[in-house]
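Trainee: Please take a close look at the contact surfaces in this model, and take me through them in one connected account. I would like to begin inside a single chain and then move on to the meeting of two copies.

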4 protein chains.
Amino acid sequence: MPDDATPKVWAGRLGDETSPIVEEYTAGIDVDLRLLPGDIAGSLAHAAMLNAIGVLTSAEHDAIVSGLERISDEIKRGTFAFQPNDEDIHTAVERRLVELAGPAGGKLHTGRSRNDQVVTDLRLYAKGACRDLTLAIADLQSALLLRAEEHIATVMPGYTHLQRAQPVSLAHHLLAYVEMLQRDVGRIGDARARCDVMPLGSGALAGSTLPLDREAVARDLGFAAVSANSIDAVADRDFAVEIAAACALLMVHLSRLCEEIVLWSTSEFGFVSLPDTHATGSSIMPQKKNPDVAELARGRTGRVAGSLTALLMMLKGLPLAYNRDLQEDKHALFDAVDVTRSTLEVLTELVAVLRFNVDTMRSAAADSALLATDVAEYLVQHGIPFRESHRIIGEMVRRTTTSGRTLADVTLTEWQAASPAFEPDVLGLFDIAGALNRRDRPGEPGPSSVAAQLDRVRTLIDETRRAAGPE
Amino acid sequence: MPDDATPKVWAGRLGDETSPIVEEYTAGIDVDLRLLPGDIAGSLAHAAMLNAIGVLTSAEHDAIVSGLERISDEIKRGTFAFQPNDEDIHTAVERRLVELAGPAGGKLHTGRSRNDQVVTDLRLYAKGACRDLTLAIADLQSALLLRAEEHIATVMPGYTHLQRAQPVSLAHHLLAYVEMLQRDVGRIGDARARCDVMPLGSGALAGSTLPLDREAVARDLGFAAVSANSIDAVADRDFAVEIAAACALLMVHLSRLCEEIVLWSTSEFGFVSLPDTHATGSSIMPQKKNPDVAELARGRTGRVAGSLTALLMMLKGLPLAYNRDLQEDKHALFDAVDVTRSTLEVLTELVAVLRFNVDTMRSAAADSALLATDVAEYLVQHGIPFRESHRIIGEMVRRTTTSGRTLADVTLTEWQAASPAFEPDVLGLFDIAGALNRRDRPGEPGPSSVAAQLDRVRTLIDETRRAAGPE
Amino acid sequence: MPDDATPKVWAGRLGDETSPIVEEYTAGIDVDLRLLPGDIAGSLAHAAMLNAIGVLTSAEHDAIVSGLERISDEIKRGTFAFQPNDEDIHTAVERRLVELAGPAGGKLHTGRSRNDQVVTDLRLYAKGACRDLTLAIADLQSALLLRAEEHIATVMPGYTHLQRAQPVSLAHHLLAYVEMLQRDVGRIGDARARCDVMPLGSGALAGSTLPLDREAVARDLGFAAVSANSIDAVADRDFAVEIAAACALLMVHLSRLCEEIVLWSTSEFGFVSLPDTHATGSSIMPQKKNPDVAELARGRTGRVAGSLTALLMMLKGLPLAYNRDLQEDKHALFDAVDVTRSTLEVLTELVAVLRFNVDTMRSAAADSALLATDVAEYLVQHGIPFRESHRIIGEMVRRTTTSGRTLADVTLTEWQAASPAFEPDVLGLFDIAGALNRRDRPGEPGPSSVAAQLDRVRTLIDETRRAAGPE
Amino acid sequence: MPDDATPKVWAGRLGDETSPIVEEYTAGIDVDLRLLPGDIAGSLAHAAMLNAIGVLTSAEHDAIVSGLERISDEIKRGTFAFQPNDEDIHTAVERRLVELAGPAGGKLHTGRSRNDQVVTDLRLYAKGACRDLTLAIADLQSALLLRAEEHIATVMPGYTHLQRAQPVSLAHHLLAYVEMLQRDVGRIGDARARCDVMPLGSGALAGSTLPLDREAVARDLGFAAVSANSIDAVADRDFAVEIAAACALLMVHLSRLCEEIVLWSTSEFGFVSLPDTHATGSSIMPQKKNPDVAELARGRTGRVAGSLTALLMMLKGLPLAYNRDLQEDKHALFDAVDVTRSTLEVLTELVAVLRFNVDTMRSAAADSALLATDVAEYLVQHGIPFRESHRIIGEMVRRTTTSGRTLADVTLTEWQAASPAFEPDVLGLFDIAGALNRRDRPGEPGPSSVAAQLDRVRTLIDETRRAAGPE
């Protein structure tokens, strides 16, 4: 250790000669950097409370506050300098504070352990991350909503098993994603609520013998409650797992949207075109225009699921209370949040600029086989049991497929030969717009149902944004 | 196909000669069996609605109801017979219904697709599973609570890094698990609420052209709402992922408890003994007594995390709406729920019969090094900055360790040589009961704090049981 | 315990009153059933060795052999009856053996623990599973090979980013899967080799004080070697992880093939049709014909990856040597192998019956944009740097796309205006068959390269089958 | 785009106005940096071949070589400057090359696509990573071997179910880890062999119309073979999955070692002490000394398993050939390799400095219950069937446990009352050193067996180092 270096916080016990490879392996400063704002805020609140309960004099408190403000300023300017002996950002801040505030700085860690400090910092980060993710989801929902509003009357084939199934509107299809995202909003909100509990004051695992006022600190930091059990408080990383799980499922939703963007951009589907600004080319093939953003987002889905696996496996079989394994929570949580948030942002822009090829969609939906169910349900309404109707139409599909015709080509005579229940109006079923109009009850793809969905979703997005509150 | 077999529901279109290996690969009857009760309930509600909107006559409805009741009865008695041509339980029930109720049976599938039917069945199952899991958690919480009530005054070492850290009470330690489980209750409750939405009426993906009354069916089946978008309704398996994620984290909690039971059962710790009824022996070593239940539960944690991985990966990159990949939801969800529930049950019993070796715990906690922080905080209360106090005590620990003494052996003269701030009452710190009493603010291990925790938890468990409602 | 029940193997130490819920939770008989053949084989080999070293008399040995043969027979006929007190199949076999062979049966477990016995059984199973998987892969490779042989001249678009890129042959495309599968053969072979080590004789973890002849038992059971360290031998489940990992990657390969079958079956691509025998229909939509097998196989990919996650997480952080957590190895390994093997089998049949729509493929490949790289490389051969060529052709693509023309429509004058390096033969580039012929070096899609690939692959498959050896 | 910026490689086709958020989302330069050495090497080999086949003149080749050398030099000095328009490191290098070498630089990309270039670079990295990992494993094996050599006669309890089971030597226990690591060497070697195939020349997916000499490039770059199918070559990431899987299992092994270091460092076990240089202290508890390195390594196990999950999920369901999803391979592979390698390194040092508390181990092993199996096997050697022996000794354990005695306290009279087969020499069994000597056949913990294991392992480590070859 150089003569002028600040000793480690535990140098009294162990001395200060740590093996360099151990220092490197256990260091987490790079990852922890983004905890700094929360760390400073937590220290300010802790100091105010120590002052209120008489552990700090007002002069000491003032020195600490101005020291922390200076540190905060240094961090913002990028002039804050880490020293080789700083084990982590928490000790770096404390070391710098002693430099700035003198012995008073050495009083800040009173009644506090890194065990409760670091998880408080991480919960502050996590609450902010939930807010950011929620607003980013609302933005993507808004983008989808805008496009849905334009395409209430755009008919396209709905698919099951990637086979054309029945006609739907593009608006209805896009709104399916808005619904998924709404559940994501719910999950992240629930995770945030369970995260909104302050562990500070739990010390290493057994609280403190000092008369700390935890409620005051919690109020100051904006936590809804203080933790109920000090051992659980330092051992718990549920909130990290829960947010990572919510992100993993959200990314799965986005992967489905991306799969469709990739599919729809093919020459074969041709349902969407990407503007040149949102596609990339090939280094070798001059003609290529690729939906890279959608592919990459799809590929990053696994990465977030991988972070979830990492967190669950990290926690498995750990005895209480704090174990150093928990340091790995940050790498996984930060990466899950970063990937998810940036994917939401890039897709928000991508959705906004997609060019839907309405005519191509309409042509694809014009395949009269998509109306086979309508014909079967027509028979039901004329008294034929559904199973029988299904069989009659199934055979008609088979016959027309073999002879290269479509259901729309079948004559009334032929229909009536298949079942006497057919009346002349059967031929009117093969109008696509009519098919949408026939599906207009709650949740269905018809225009009034979609209008109702749009209203509902608009309200939900507004509520989400309101509930997220100020930064 | 044997002459007398019922044809497949889509035999009109494709004929009925399916390759045997395809039949075997796609069959899911074994797994689906437990959906049967929900399937019957769903069919009864659907039939009632079809009757109300005039698709079924009252006579047809009566025939269907008595047919379904008969089938339900056959299932309960174990006499229900599947036929080789039954693709799944849904078609088996329909096939049998036609046998029992004649042509009316063929009308039941009107306005319904297997796509919306199967996910309705699965949501009914999932809601019940959430209720069962919640009650099983409450039972384990109660078992922990009972043991905590017995051990408010049982002192043991609290551990961090598996090193003895500070004295806590066994009650406080056990209550840490109750807190974890309380968050599990919250997560499962949230998952259940998002699951409580009825997809029936969404058809294959585009609803129906018939005037279905979805709200009536939802009321009948006890769903809180109907799904808002038919495409999302058949494509969504969020609820399965969310329940599996909640189970995976719950199992991680249980794995931590099990790790401690295993550790505490060792000769080295000796904190608990298992009754012979809850341990197993060795086939070769006559002296062995093993905590197999705890080990097995810990080992099954990975299995539930694996089910979560399976579900996320299954859904990744699937285009809308229904794809047959989704059939795999059941294997993963059922296994996650079964493993989690049975683990909760076996641990509830295990916790109840554990024998805590109170004297061994107390001896382990008597290590005066566990009070080093108390001495440091004593100095703080006598005006020494914490960092300085920490250093002073750290050096004293180092010195006593080297000389084979403990902190409790240090004389007043030595303490005062280390810091003039020490007064004679420092020697009184080395009383373990006193150490607990000094930690008695909210969340801390002292007896009044623990009493308050017990009250809080008792209330929460009651609320959980009440909220779970009747079966 | 009923009076006449056989006591547990460790009843001397713990008594025999195990809690029913503990019995149920720890039971593994259902899962372990398929270990029975290996268990009997292992016992026969062990008994022969005990006889050879004098622990068993020849009479005792004869009694044990005929007892085990009878048990083996009972198992084959399905008449073997488990008793409630049988902890697992190993103790069930031993219990039955004592019934059949008298006291001699009680000598079989000499020098053997369940710890080394169960992992020996599992390794015997695993070696067989590797063989089965390898042969199933070879069968799928053969099916692909047969189809490739038919389609050396079938031109289709090769895709990158799911955008049409350059013309390839269907044979070349199918052979890409054969190459992937060849690496799977390699991985499973390597896993099998590492699995081919006999742990028997390691006892509980410390061998035995008896003069066991492990080499003789290994020879008898067909193991290549005996384990080198008894602690490792009972604690190790690497082979299960390694086989599960090989299966997970193999399933990922199959998921890619299935994704293409699903894509190619769409109305939009139309590259393949499924025979009715290998597709399924819809319960509601009479026109539907779905590629369910390919979807389900794709969906089951996650399940195998989930088994791998389960195994890794089970093993994480386990101290040496045997822990009961390891019992979970079987559920995960059996399921991974079963799913992978059945998927290989069903896809082998599916590949054989796929109907490739050669004309549709050819039309899709006729898009002259796919030859843009060829034109750029033409310019390179006429002295233009590739970057410059790429830019020239890129601009030509842009111009023709805007004006609704294709590269094949560009006149010689226009080409020469773009670059004076163009000569009249540029117009000859737009012949698709020629494009394949221009790519005929090793690894390329041209016909001679593909013929060479077919030869190579044919030889590899033969070698695989030969190396797999007799059952 | 600023006036003087170099255009994107595909600007001819799409123009050059890419959305900033798309640029940021798709950029991979930070991650790709470590591919640079392989990228330069690959370009040099490609250029040499282009010169040999006449695509480059010698002057052009010279200009390219000196340009690439200059770039390589800039990279080493840290003066290489990326430009905002550089899509990735490959285009950055090409852009800089054009600056340095003029138009000749524009010829380097002839017959090469980023699709084959990037996977060639990654394979070069992966081969090096396999070598590094292998040597790092050998170093850890050597460290374990050295400690084992010191402790052939150090007796300790062997554990199953974390219960003391039978006496083993510390050497034998440490050698169990050497065996595990030897299998890791095997897996990584197999992965490296399958990785040793050069894709370059596969172009985008369909090779090239130019007469490339792929074999020459492969020789130049040290690849054992060229890829056999161009589509597979650009679509395949098996090697990344396989290395990540090998790393995940290796980390699981290390997590078991770390679990034991944590356990053994407890006050309760007390089997090892950490030097102050390799432990850390507490910010609040002055007495603490924590095994942070072992905990952190254990916690990072999940991270590597998470990378494996990410890779499998990324690949699942991707159609052929290249898709941009594959860009995510690098983040996962690099992290898996980095974490695994650094963990190997830090544990190599930790193993070297661990202080084994030999007396504590010996005392723990002195528990005579650990010899119960020896007594049972003694009876077997005196003609009693093992099951009967097991029962006799089990009852004796039960009786002595109840009365607070140990097996060593049982008198000859008592033994003979339990079974007349006991002779006076039974009392000699309770000598621990003798117990080890009785277990001295291959794989057992006795001194000669361990000596043989040490010889075997020494040879294997030497072979590993030799096979790894020069850097």
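**Contacts within a chain and between copies**

Mentor: The assignment splits chain A into three domains, with domain 1 covering 20-110, domain 2 made of two segments, 115-363 and 460-468, and domain 3 covering 367-438. Everything that follows should be read with the reminder that this is a predicted model.

Let us begin with the pair formed by domain 1 and domain 2 of chain A, whose C-alpha centres are 32 Å apart. To their contact, domain 1 of chain A contributes 21 residues and domain 2 of chain A contributes 20 residues. The area that these two domains bury between them comes to about 1,700 Å², and carbon and sulfur atoms account for 66% of it. On the side of domain 1 of chain A, the residues that lose the most area to domain 2 are A:Arg34, A:Leu35 and A:Met49, which together make up 31% of what that side buries.

A:Arg34 appears again when we turn to charge pairing, since a salt bridge joins A:Arg34 to A:Asp338, with 2.8 Å between the closest N and O atoms. The count between domain 1 and domain 2 of chain A is 1 salt bridge, and 5 residue pairs are found in polar contact across that interface, both residues of a pair being at pLDDT 80 or more. As for secondary structure, the elements of chain A that give two or more residues to the domain 1 side are helix 3 (29-32) and helix 4 (36-52), and the largest share, 10 residues, comes from helix 4 of chain A. By class, the domain 1 side that touches domain 2 has 9 nonpolar, 9 polar and 3 charged residues.

We can now leave chain A and consider the relation between chain B and chain C. A turn of 180° with a shift of 0.0 Å along the axis lays chain B on chain C with an RMSD of 0.1 Å, and the two copies are thus related as by a two-fold rotation axis. Within chain B, the C-alpha nearest that axis belongs to B:Gly306, at 1.9 Å from it.

The contact between these copies draws 63 residues from chain B and 63 residues from chain C. Of the interface residues of chain B, 100% are also interface residues in chain C, so the copies meet through the same surface. Chain B and chain C bury about 5,700 Å² between them, with 60% of that area coming from carbon and sulfur atoms, and in chain B the residues that lose the most area to chain C are B:Leu14, B:Tyr25 and B:Ser283, together 14% of what that side buries.

Between chain B and chain C the count is 8 salt bridges, and one that can be inspected directly is the pairing of the side chains of B:Arg324 and C:Asp292, at 2.3 Å from N to O. Across this interface, 22 residue pairs are in polar contact, again with both residues at pLDDT 80 or more. The elements of chain B that give two or more residues to the side touching chain C are helix 1 (11-14), helix 2 (20-26), helix 12 (292-315) and helix 13 (329-353). Helix 12 of chain B provides the largest share of that side, 17 residues. Sorted by class, the side of chain B that touches chain C holds 22 nonpolar, 22 polar and 19 charged residues.

How values were computed: Residues are numbered from 1 along each chain as its sequence is written. Chains are lettered from A and ligands numbered from 1 in the order in which they are written. This is a predicted model: local features need pLDDT of at least 70, side-chain atom pairs count only at pLDDT 80 or more; totals for chains, interfaces and linings use all residues. Side-chain values use heavy atoms; hydrogens and water are left out. Copies are superposed by least squares on the C-alpha atoms of residues with pLDDT of at least 70 in both. Contact means heavy atoms within 4.5 Å. Buried area is the accessible area (1.4 Å probe) that two parts lose on being put together, summed over both. A salt bridge is a side-chain nitrogen of Lys or Arg within 4 Å of a carboxyl oxygen of Asp or Glu. A polar contact is a pair of N or O atoms within 3.5 Å; within protein, one must be able to donate a hydrogen and the other to accept it, and residues adjacent in sequence count only if both atoms are side-chain atoms. Helices (H or I, at least four residues) and strands (E, at least two) are DSSP runs, numbered from the N terminus. Ala, Val, Leu, Ile, Met, Phe, Trp, Tyr, Cys and Pro count as nonpolar, Asp, Glu, Lys and Arg as charged, and the others, Gly among them, as polar. Domain bounds come from an automatic or database domain assignment.
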